[in-house]
Amino acid sequence: MKFTRLHLNLAGALLFFTLSARAELSVSAIFGDNMVLQQQMPVPVWGWAAPGTTVTVTFAGQTKSARAAVDGKWLVKLGKLKASFTPESLVVSGDGTKTFTNLLVGEVWLASGQSNMEKPIGKQAGQKPTLNAEAELAAANYPAIRIFKIEKTLAATEQSQLPKNSGWLACSSNSLNGTGFSAAAYFFGREIHAGLKVPVGLVESSWGGTRIEPWTPPAGFEAVPSLAKLAQPVTDSGKLANTRPLAIYNAMIAPITGFALRGALWYQGESNCMGTNDDDYLTYTEKMEALVGGWRKVWHEGDFPFYFVQIAPFKYYGGKVMRVKSPETLAEFWTLQAQAGRRIKNTGMVVTTDLVDNLDDIHPRNKSEVGRRLALLALNKTYGQRIASSGPVFKSVKFTGGKAVLKFDHDDGGLISKDGGPLTWFTIAGADGKFVPAMATAEGQTVEVSAATVPEPKAVRFAWAETAQPNFFNGAGLPAEPFQTGR
């Protein structure tokens, strides 16, 4: 009998503690001083309070209320906001008051991925700084750009609160260095800030060396039949690893789902390209569909923009360590990334074949141009500015007179050789499927490809090698996307 009473007393104490914790008004950790709220769309604000408590949110002349549910969760939606550089306060009141100060309204973007997204401007263990790091940091004083970094953590189940984060900080050399904030995301934000002349908020959630699966929500996997089994929750009692599907999403994405944002940036794929010794990398297009579709579903914002970066040339096969099964694996992976960009609506891919200064370094240093090209996609496709945002993309081929005549989309300003020499990294094959180096010249809006040893060509490849750094661009200065024609 005493044993039963003891357990009842412990259970009662636990229940009292839980209800007491809920009784204290709290707000999701993604909200804080110095943040940027998204303009031109409803802005959810949420947190926890004692069940039944009326919670009121006041901001920019709006006052909205909601009642905390049985589980203590409350959610208020502010109406559409106008971009503003004038700092304001957001006040949340219920059984207590929370006040967040120095808030701006503008454009908010989420940046995620593995080490090339995580890479900061300055020092990073085992890596070289980005190009012109000292000068870039010295010039990084942008008080209307605000940054928020989510720290690395894992969870077996979806979490409601972020355990580790930097809080919102005004952009400066100190805040960028102190948080180790993503260089690619910062350079993107700087371009958006300049191009739109509004405040910009950047949320970084990245983790070097990770695959795409741990970032994907169950809803994403469930929507792709071949991947549905990956939606199963973690059930074993072993140590949780950052390779486990759902494990990073649960801790580093789920707690911020619903935070109003314009879109997402993604720089990941190296770990899936290397993957395992089998052909698992060939499922990357479907895994991109699961990631993007899953994020969009849990955010409840529709098909928000999703822009991503092609992984860069690197000696995966021909380096000191053989990381892939074939010299063509990286080229095949580029095709899978490009397919994702064409299959998934409202997406775009940045090509990086010209941005590598060392083919033995998997972390290219020119992140300012990566960020700029991501911004070109956003400024063009999301914000409607009439600017070129893509290099040439293969459209069609006609085989005639012993040569291949290729047409391209995105030939803005014409098809050119960036260095003025013959176009490089084109190969051609006949019916035997044996590709040989080819001569390629830009002729107006087409490229003609031929080889003396292939009198009747049947297929063309461009940049079909892990070390390819071609000179084929459009007049807007953007590189062509690697491709192979069908046979």
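## Sheets and cavities: worked exercises

In this predicted model, four strands make up an open sheet, ordered β19-β18-β22-β24 and paired antiparallel. β19 (436-437) and β24 (483-484) sit at the edges with a single partner strand each, so one side of each has no neighbour in the sheet. Let's take that sheet apart, then move on to another sheet and to the cavities.

**Exercise 1. Work out how β22 pairs with β18 and with β24.**

Step one: recall the general picture. Strands of a sheet pair through backbone hydrogen bonds, in either a parallel or an antiparallel way.

Step two: take the β18 side. β18 (residues 426-429) and β22 (residues 459-462) run antiparallel, with 4 bridges between them. To pin down the register, match up residues: Phe426 is opposite Phe462, and Ile428 has Val460 as its bridge partner.

Step three: turn to the β24 side. Here β22 and β24 are joined antiparallel by 2 bridges, and Arg461 is bridged to Gln484 in β24.

**Exercise 2. Sort the side chains of β22 by direction, and say whether they are buried or exposed.**

Step one: start from the rule of thumb. Side chains in a regular strand alternate between the two faces of the sheet.

Step two: apply it. Ala459 and Arg461 point one way, while Val460 and Phe462 point the other way.

Step three: check burial. The cut-off for buried is under 20% relative accessible area, and all of these β22 residues are buried.

**Exercise 3. Lay out the sheet that contains β21, then place Thr446 in it.**

Step one: get the order. This open sheet also has 4 strands, running β15-β16-β21-β20 with antiparallel pairing. The edge strands are β15 (393-400) and β20 (439-443); each has a single partner, so one side of each is left without a neighbour in the sheet. From one strand to the next, the twist averages 25 degrees.

Step two: zoom in on one pair. β20 and β21 (residues 446-450) are antiparallel and joined by 5 bridges. Within that pairing, Ala440 faces Val449.

Step three: find Thr446, which belongs to β21. Its relative accessible area is 15%; buried means under 20%, so Thr446 counts as buried.

Step four: list what surrounds Thr446. Leaving out residues up to four places away in sequence, Thr446 touches Val405, Leu406, Lys407, Leu415 and Thr441.

**Exercise 4. How many cavities of 30 Å³ or more does the whole structure have, and what lines them?**

Step one: picture the search. Rolling a probe the size of a water molecule over the atoms reveals where empty space is left. For this structure, the search turns up 2 cavities of 30 Å³ or more.

Step two: open up the largest one, with a volume of about 80 Å³. Its lining consists of Met349, Val350, Val351, Arg373, Leu376, Leu377, Ser389, Ser390, Gly391, Leu478 and Pro479. That splits by class into 7 nonpolar, 3 polar and 1 charged.

Step three: trace that lining back to elements. β14 (347-350) and α11 (367-382) each give at least two residues, and α11 has the largest share, with 3 residues.

Step four: do the second largest cavity, at about 30 Å³. Tyr267, Ala312, Thr352, Leu355, Val356, Pro364, Asn366, Lys367 and Val370 make up its lining. The class tally for this lining is 6 nonpolar, 2 polar and 1 charged.

Terms used: Residues numbered from 1 in each chain as written. Predicted model: local features only at pLDDT ≥ 70, side-chain atom pairs only at ≥ 80, totals over all residues. Heavy atoms only, no water. Pairing = 2+ DSSP bridges. Buried < 20%, exposed > 50% of the residue type's maximum accessible area, 1.4 Å probe, protein only. 1 Å grid on protein atoms, 1.4 Å probe; cavity = no way out; pocket = protein on both sides within 12 Å on 5 of 7 lines; lining within 4 Å. Points joined across faces, edges and corners; volume = space filled by probe spheres on them. Nonpolar A, V, L, I, M, F, W, Y, C, P; charged D, E, K, R; others polar. Axes fitted to C-alpha atoms, helices over the stretch in contact; angles between N-to-C directions. Contact = heavy atoms within 4.5 Å.
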